[in-house]
Amino acid sequence: MGARSKPTTPVSMGRETPTLDRAHLAHYTMENRELECEIIALFLEQLPTTMAMLKTAARPADWKLAAHTLKGSAAAVGAARINALAIEIEKCVFGKDRKAIQELLTALEQAVTQFRRAASRIYG
């Protein structure tokens, strides 16, 4: 019998997942710092709208769209912790996993704050 994997929690994600994987972003921008700055700025500009969509979703389809959008955009820019949380959020059943969703949204808000700080330190 195989070993069971530990469930991913917001706390364990915080320890295991980087806030900003600059190497990931640099790989896709061919280390073009100006392009990295532009991509990060666009992500940060869109982030409040996506977060609001998650918090105000009235239907499962709205919820899934917001979570999936966040998952993809975070992955693209190297926002690894935000991406990991979005993956977990997308797995939640809208309207049923209320406690888990609230914990994940709280962790997501913290991850967004940490990402903004990290991006500011690196890209100004």
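Trainee: How many helices and how many strands does the secondary structure of the chain come to?

Mentor: Helices and strands are taken here as DSSP runs, numbered from the N terminus, with H or I over at least four residues for a helix and E over at least two for a strand. Along the sequence the pattern reads α-α-α-α-α-α. The secondary structure therefore comes to six helices and zero strands.

Trainee: What pLDDT does the chain average?

Mentor: This is a predicted model, in which local features need pLDDT of at least 70 and side-chain atom pairs count only at pLDDT 80 or more, while totals for chains, interfaces and linings use all residues. Residues are numbered from 1 along each chain as its sequence is written, and side-chain values use heavy atoms, with hydrogens and water left out. The pLDDT is the predictor's confidence in each residue, from 0 to 100, and 88% of the residues score at least 70. The chain averages a pLDDT of 89.

Trainee: Over which residues is the pLDDT below 50?

Mentor: The stretch in question has one contact in the model beyond near neighbours in sequence, where contact means heavy atoms within 4.5 Å. The pLDDT is below 50 over residues 1–7.

Trainee: Which element gives the largest share of the largest nonpolar core?

Mentor: A nonpolar core is a set of buried Ala, Val, Leu, Ile, Met, Phe, Trp, Tyr and Cys residues joined through side-chain atoms within 4.5 Å, and the largest one has 32 residues, with Ile 40, Phe 43 and Leu 54 among those that have the most contacts inside it. Two or more residues come from each of helix 3 (33–56), helix 4 (60–77), helix 5 (80–91) and helix 6 (98–123). The largest share, 11 residues, comes from helix 6.

Trainee: Which residues does Leu 54 touch, not counting residues up to four places away in sequence?

Mentor: Leu 54 is one of the residues with the most contacts inside the largest core. With residues up to four places away in sequence not counted, Leu 54 touches Trp 63, Ala 66, Ala 67, Leu 70, Ile 89, Leu 105 and Leu 108.

Trainee: Is Glu 36 buried or exposed?

Mentor: Glu 36 in helix 3 forms a salt bridge (a side-chain nitrogen of Lys or Arg within 4 Å of a carboxyl oxygen of Asp or Glu) with Arg 22 in helix 2, the closest N and O atoms being 3.2 Å apart. Buried means under 20% relative accessible area, exposed over 50% and partly exposed in between, with a 1.4 Å probe and protein chains only. Arg 22 is partly exposed at 32%. Glu 36, with a relative accessible area of 0%, is buried.

Trainee: Which residue forms a salt bridge with Glu 90?

Mentor: Glu 90 lies in helix 5 and, at 15% relative accessibility, counts as buried. Its contacts, not counting residues up to four places away in sequence, are Lys 64, Ala 67, His 68 and Lys 71. The salt bridge, with closest N and O atoms 2.7 Å apart, is formed with Lys 71.

Trainee: How many residues apart in sequence are the parts that Glu 109 and Lys 55 tie together?

Mentor: The side chains of Glu 109 and Lys 55 meet in a salt bridge at 2.5 Å, N to O. Glu 109 lies in helix 6 and Lys 55 in helix 3, so the parts that this pair ties together are apart in sequence by 54 residues.
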